[in-house]
Structures are given as C-alpha cells and as structure tokens.
Amino acid sequence: IQNEIEDIFLSMGFTVLDGPHIEDDYHNFEALNIPADHPARDMQDTFWFANMKNLLRTHTSTIQVRGMKEFKPPFKFIAPGKVFRCERTDASHESCFHQLEGMMVGKNISVSNLIYFMKTLLSEIFKKEVEVRLRPGFFPFVEPGFELDIKCLICKGKGCSVCKQVGWVELL
C-alpha cells in the first residue's frame with residue numbers, strides 16, 4: 001500500500017522523503033514546538049533510549065523538519081514511514097504503525113488544494129470516484145486542524161452498519 005500511495009503522489013508531482021527511525025529530541029519535539037513539559041514526551045508515549053537523548057520517532061513530522069531545511073519553497077513532498085509509540089496494544093492500537101504526512105508550500109496554496117489531493121489519492125486507491133469532506137478538528141499541535149471523512153462506499157451515503165447509519169466514514 002505504501003508503494004501504491006507513493007506512486008500516486010509521485011504522479012501528482014510530489015517528492016517522497018525518508019528519514020531515520022532513531023531520532024534526537026530536537027527533530028522529534030523541539031523543532032515542532034513540543035516543549036519539554038508536553039505529555040507526548042512521557043515514557044508512556046515515547047520509546048526513549050537509555051541516554052534519554054535519542055528515541056524511536058513518534059511521527060513522520062521529523063522527516064518534514066528535514067525536508068523544510070533541505071528544500072526552498074515552492075515544494076511539495078510526502079513523508080511516509082514507520083513510527084513508534086509506547087501504546088497498550090489492542091484491536092486498534094499497536095506500538096509500531098505506518099504514518100504518512102505531506103507538506104506543500106508555495107503561493108496560492110489553500111485548503112482546496114488539500115481537498116483535491118486527498119480526493120485524488122482516495123479515488124486512486126479505491127479505483128472509483130469518492131466524495132470527501134473536511135470537519136474542524138482540535139489537535140493541540142496544528143492550527144487549523146481538520147478531520148477527513150469519505151462518503152460510505154458501501155451504502156453511498158444512505159446509512160449502513162459500516163458507516164454507523166450516518167453515511168460517512170471518518171478517515172482522520
């Protein structure tokens with residue numbers, strides 16, 4: 001799936017970046033304005049090495065930090081990869097999972113670009129036209145924050161057990 005997603009973004013002119021799994025405090029937290037007293041730094045959330053200076057990356061934003069240093073605007077890239085969080089495992093949580101983040105910087109970029117690229121990505125993955133919507137969402141590290149929904153592909157928005165009778169499935 002990751003290769004397919006990378007190919008889709010490459011076809012839309014994005015660059016695919018990669019970065020180390022073992023990170024330092026600066027790239028994982030400081031460069032992203034996550035202060036020393038933020039709960040994300042706690043042992044229960046982060047796999048720290050014994051030296052408490054290195055950790056297993058908790059998100060692929062670390063790749064974006066390096067990308068912003070390497071490229072001058074305008075640019076557009078994605079940052080896919082494994083991330084690690086000290087989670088209690090259950091049917092929907094695991095300590096290692098894959099994440100993909102994207103960044104686009106340039107003139108005349110707006111939320112409509114985000115909607116276009118997400119709709120195009122999902123239409124390519126599902127091999128059919130999809131309808132998406134953005135909802136406001138609160139994330140303490142992002143402003144503004146959005147959550148992405150897709151119209152249920154099973155019932156086409158009429159309501160079924162997959163979409164819990166609301167016609168939409170929450171993706172993000």
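Which residues of the largest nonpolar core touch the most other members? In this predicted model, select Phe-9, Met-12, Phe-14, Leu-121 and Leu-122: of the 14 residues in that core, these touch the most other members.

**The largest core**

With those side chains displayed, colour the elements that supply the core. Two or more residues each come from α1 (2-11), α4 (111-126) and β7 (146-151). The largest contribution is that of α4, which gives four residues.

Next, centre the view on Leu-122. Setting aside residues up to four places away in sequence, Leu-122 touches Val-130, Val-132, Leu-148, Ile-150 and Leu-171. A second core, separate from the one just visited, consists of six residues. To see part of this second core, select Leu-17, Phe-75, Phe-77 and Ala-79, which are among its members.

**The three-stranded sheet**

Now switch to a cartoon view and select β6, β7 and β8. These three strands form an open sheet in the order β6-β7-β8, and their pairing is antiparallel. At the edges lie β6 (132-136) and β8 (168-170), each of which pairs on one side only. From one strand to the next, the twist averages 35°.

For the backbone pairing itself, move to β7 and β8. These strands run antiparallel and are joined by three bridges. Select Lys-151 to inspect one pairing position: its bridge partner in β8 is Trp-168.

**Helix α3 and its cover**

Proceed to helix α3, residues 61-70. Display Ser-61, Thr-62, Ile-63, Gln-64, Val-65 and Gly-67, which are buried. Then reveal the surrounding elements: the cover over the buried residues of α3 includes β2 (22-24), α2 (25-28), β4 (75-84) and β5 (96-105).

**Leu-56 in strand β3**

The last stop is Leu-56, located in strand β3, residues 54-56. Is Leu-56 buried or partly exposed? Its relative accessible area is 22%, and Leu-56 is therefore classed as partly exposed, since buried requires under 20%.

Show the surroundings of Leu-56 next. Apart from neighbours within four places in sequence, Leu-56 is in contact with His-21, Ile-22, Phe-47, Phe-49 and Phe-84. Finally, draw a distance between the C-alpha atoms of Leu-56 and Asp-45: the separation is 11 Å, for two residues 11 places apart along the chain.

Key: Residues are numbered from 1 along each chain as its sequence is written. This is a predicted model: local features need pLDDT of at least 70, side-chain atom pairs count only at pLDDT 80 or more; totals for chains, interfaces and linings use all residues. Side-chain values use heavy atoms; hydrogens and water are left out. A nonpolar core is a set of buried Ala, Val, Leu, Ile, Met, Phe, Trp, Tyr and Cys residues joined through side-chain atoms within 4.5 Å. Buried means under 20% relative accessible area, exposed over 50%, partly exposed in between (1.4 Å probe, protein chains only). Contact means heavy atoms within 4.5 Å. Two strands pair if DSSP finds at least two bridges between them. Axes are lines fitted to C-alpha atoms, for helices over the stretch in contact, and angles run from 0 to 180 degrees between N-to-C directions.
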